[in-house]
Amino acid sequence: MTDDPTRFDPERFRRFGMGGHGNAIGIEYHAHGPDWVELALPFRPELIGDPDSGVLASGPILTLMDMATSLSVWTRLGTFCAHATLDLRIDYLRPATPGKTVIARGECYRITRSIAFVRGQAHDGDPDDPLAHAAGTFMAPEGYR
């Protein structure tokens, strides 16, 4: 957590500000840097898509990656700015391992006046064996600067 209370802090945001769908499915703060955020989705039986496989459904993983990439924009900016997911492509590479926590890392690598460009990946223990990749854009109607 940062010492500057005016600077956007994803850990503090997750603890005090993030609600809605993220709370409902149990997303947790994991780590962050100057332009990236990691969030965790602990395994929960109610998030299983196919009961015969025990694999997490794709929806919670999409939500996790959308939130991690969104928070990476605010972390890079250093402030909260209302924006919307304009485009988020997620390529699923393999199913999540049943019983394991999924970690998503989102990175904001470029910001223009109204568009933020992000990328990310999700894994369940080994970043070198990702289960999904993401690439997307967010748009701030009032602008980022």
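Visitor: How many residues of strand β2 (residues 36-41) are buried?
Guide: This is a predicted model, in which local features need pLDDT of at least 70, side-chain atom pairs count only at pLDDT 80 or more, and totals for chains, interfaces and linings use all residues. Residues are numbered from 1 along each chain as its sequence is written, and side-chain values use heavy atoms, with hydrogens and water left out. Helices (H or I, at least four residues) and strands (E, at least two) are DSSP runs numbered from the N terminus, while buried means under 20% relative accessible area, exposed over 50% and partly exposed in between, with a 1.4 Å probe and protein chains only. Strand β2 is largely enclosed by the rest of the structure, because out of its 6 residues the buried ones number 6.

Visitor: On the side of β2 that holds Val37, which other residues are buried?
Guide: Both faces of this strand are covered. Trp36, Glu38 and Ala40 sit buried on one side. On the other side, Val37 is joined by Leu39 and Leu41.

Visitor: What is the bridge partner of Glu28 in β2?
Guide: Two strands pair if DSSP finds at least two bridges between them. β1 (residues 28-32) and β2 run antiparallel over 4 bridges, and they make a hairpin with 3 residues in between. Across that pairing, Glu28 meets Ala40.

Visitor: And which residue in β6 stands opposite Leu39?
Guide: β2 also pairs with strand β6 (residues 102-111), again antiparallel, over 6 bridges. Follow Leu39 across to β6 and you land on Ala104.

Visitor: How many residues apart in sequence are the parts tied together by Arg105 and Glu38?
Guide: Side chains of opposite charge can pair when their charged atoms come close. Here a salt bridge is a side-chain nitrogen of Lys or Arg within 4 Å of a carboxyl oxygen of Asp or Glu, and Arg105 and Glu38 make one at 3.3 Å, N to O. Arg105 belongs to strand β6 and Glu38 to strand β2, so the parts they tie together are apart in sequence by 67 residues.

Visitor: Is Glu38 buried or exposed?
Guide: Its partner Arg105 is partly exposed, with a relative accessible area of 35%. Glu38 has a relative accessible area of 13%, so the word for it is buried.

Visitor: Over the face of which residue does Arg105 lie?
Guide: A charge sits over a ring if NZ of Lys or CZ of Arg is within 6 Å of the ring centre and within 35 degrees of the ring normal. Arg119 does this over Tyr109, at 4.1 Å from the ring centre. Arg105, at 3.7 Å from the ring centre, lies over Trp36.

Visitor: Which residue is linked with Arg94 and Asp124 in a network of salt bridges?
Guide: The side chains of Asp124 and Arg94 meet at 2.7 Å, N to O. Asp124 lies in the loop between β7 (115-123) and β8, and Arg94 in the loop between β5 (84-92) and β6, so they tie together parts 30 residues apart in sequence. Asp124 is buried at 7% relative accessible area, whereas Arg94 is partly exposed at 22%. The network that links these two also takes in Asp129.

Visitor: How many aromatic pairs does a search of the whole structure find?
Guide: Rings of Phe, Tyr and Trp (its six-membered ring) pair if their centres lie within 6.5 Å; planes under 30 degrees apart count as stacked, over 60 as edge-to-face and the rest as tilted. With that rule, the search of the whole structure gives a count of 5.

Visitor: How far apart are the ring centres of Trp74 and Phe80?
Guide: Phe8, Phe13, Trp74 and Phe80 form one aromatic cluster. Trp74 is buried, at 7% relative accessible area, while Phe80 is partly exposed at 49%. Phe8 is buried too, at 10%. The planes of Trp74 and Phe80 stand at 50°, so the pair is tilted, and the distance between their centres is 4.6 Å.

Visitor: How many of the 20 residues of α3 are buried?
Guide: Helix α3 (residues 58-77) reaches 29 Å from its first C-alpha to its last, close to the 28 Å expected, a span worked out as 1.5 Å times one less than the number of residues. Just after this helix, Gly78 takes a positive phi of about 85°. Helix α3 is largely enclosed by the rest of the structure, because its buried residues number 14.
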